[in-house]
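Hi everyone, thanks for coming. I'd like to walk you through one model today, going from the outside to the inside and back again. Let me put it on the screen.

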Amino acid sequence: MDLAKKLSKFYQYMMTSEGLVAIVVSIFVFTVLYYYMIKFLFDNESGALAILFVFVMIIAGAIISFVDKINSAIYLIVPAIFVMGILILYSVEIKRLIWARRNTKLLDAKHGEGISYDEDKVQHCIAEIIKALQNMAKNDVGAILVLTAGSFPTQILDSGVRLESDISSELIESVFFPKTPLHDGAMIITGTKITAAGCFLPLSQNIENIPKDLGTRHRAGIGVTETIDVISFIVSEETGIISIARAGKIIRYADTEALKKVLSKYYWQELESARK
């Protein structure tokens, strides 16, 4: 069957009520599917893979149009293979998206309630967090601080103790002081408030990419960032090294400038974005 006959047959089918509904629904479903698939790839810095997908779909459409013996099911098989590949390659990122939307509580940052954007207040919070991290690093006190700009799973918050306190280096250091009841858990910070402390975090399952000298505290600090869009600061109890984790990746040996850069971005960009 040549292209003209195929187009004629397609036109006749489209003129029927059933055909029109089926085509409209198919176009809508595939448009939404392809849009979010391509958007996901670009958001995860995989634009080349998204362009490859579009190119392959164009080639597949051309083959179906001009080669008679090719089954049109190929146009469904190709995206199915890409979807399976994305599920395998980006399992961590997909898990983060799903968990961020499951059983979450919209905290104050969502609507900007209780969060001050006064420059002096923000600078005070940044200075207090950095001071606490550096003091704990100097004294080899282990700690995990998690900064969230929006929603956060209630099961993690409920595993600790709700504080809803202002940020101060003294409070942070007292929580993580060895042998205190909350020192083994994580502290959750939302905006200018310490939301909870002593919280239990999910451990990272990506063991192959985590240096062997990093223990459970680092696995927890990295693990929470694999499934939720948050930033975690980890202080090693053994070495006093400060690390920053985001999206399942860790940066070690964070100095004052690195801490200030990450915290400034959190307060002036991420919280403002979450408020809108």
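How much area does the protein chain expose, and what share of it do carbon and sulfur atoms supply? The exposed area is about 15,600 Å², and carbon and sulfur supply 62% of that. Please keep in mind that this is a predicted model.

Let's get our bearings. The protein chain has ten helices and nine strands. It runs to 276 residues, of which 39% are buried. If you take the contacts with a separation of 6 or more, 65% of them join residues 24 or more positions apart.

Now to the inside. The largest nonpolar core holds 32 residues, and M136, L145, I172 and Y267 have the most contacts within it. Several elements give two or more residues to this core: the helices are α6 (119–138), α8 (169–175) and α10 (256–275), and the strands are β2 (143–148), β5 (186–190), β6 (193–199), β7 (230–235) and β8 (242–246). Helix α6 provides the largest share, with nine residues.

Let me zoom in on I172. Which residues does I172 touch once we leave aside its neighbours within four places in sequence? They are I129, A132, M136, L145, I167, M187 and I194. So that you can find them on the screen, M136 and L145 are also among the residues with the most contacts inside the core.

There is another core, lying apart from the one we just looked at. This one has 19 residues, including V146, C199, I234 and A245.

C199 brings me to the cysteines. How many disulfides does the count give? The count comes to zero. As a reminder, a disulfide is a covalent bond between the sulfur atoms of two cysteines. Buried or exposed, where does C199 fall? C199 counts as buried because its relative accessible area is 2%. C125 is buried too, with a relative accessible area of 1%.

Back out to the surface, and over to helix α2, which spans residues 17–43. V29 sits in that helix, and V29 is one of the residues that make a nonpolar surface patch of about 620 Å². The other members are V25, F28, V32, Y35 and Y36. V29 has 45% relative accessibility, so V29 counts as partly exposed.

Next, two backbone details that you might like to check for yourselves. D140 is not a glycine, yet its phi is positive, at about 55°. You will find D140 in the loop between α6 and β2. With a relative accessibility of 36%, D140 is classed as partly exposed. K179 is not a glycine either, and has a positive phi of about 75°. K179 belongs to the loop between α8 and β5. Here the relative accessibility is 81%, so K179 counts as exposed.

One last stop: the loop between β6 and α9 (216–227), where I207 is found. How far apart are the C-alpha atoms of I207 and R219? They are separated by 8.3 Å, while the two residues are twelve apart along the chain. I207 is partly exposed, with a relative accessibility of 49%.

That's my tour. Thanks for listening, and I'm happy to go back to any of these spots.

Definitions and conventions. Residues are numbered from 1 along each chain as its sequence is written. This is a predicted model: local features need pLDDT of at least 70, side-chain atom pairs count only at pLDDT 80 or more; totals for chains, interfaces and linings use all residues. Side-chain values use heavy atoms; hydrogens and water are left out. A nonpolar core is a set of buried Ala, Val, Leu, Ile, Met, Phe, Trp, Tyr and Cys residues joined through side-chain atoms within 4.5 Å. Buried means under 20% relative accessible area, exposed over 50%, partly exposed in between (1.4 Å probe, protein chains only). Helices (H or I, at least four residues) and strands (E, at least two) are DSSP runs, numbered from the N terminus. Contact means heavy atoms within 4.5 Å. Patches are made of residues with over 30% relative accessible area and no salt bridge: like charges are joined within 9 Å, nonpolar side chains (Val, Leu, Ile, Met, Phe, Trp, Tyr) within 5 Å. Accessible areas come from the Shrake-Rupley method with a 1.4 Å probe; for residues, only the protein chains shown count as cover. A salt bridge is a side-chain nitrogen of Lys or Arg within 4 Å of a carboxyl oxygen of Asp or Glu. A disulfide is a pair of cysteine sulfur atoms within 2.5 Å.
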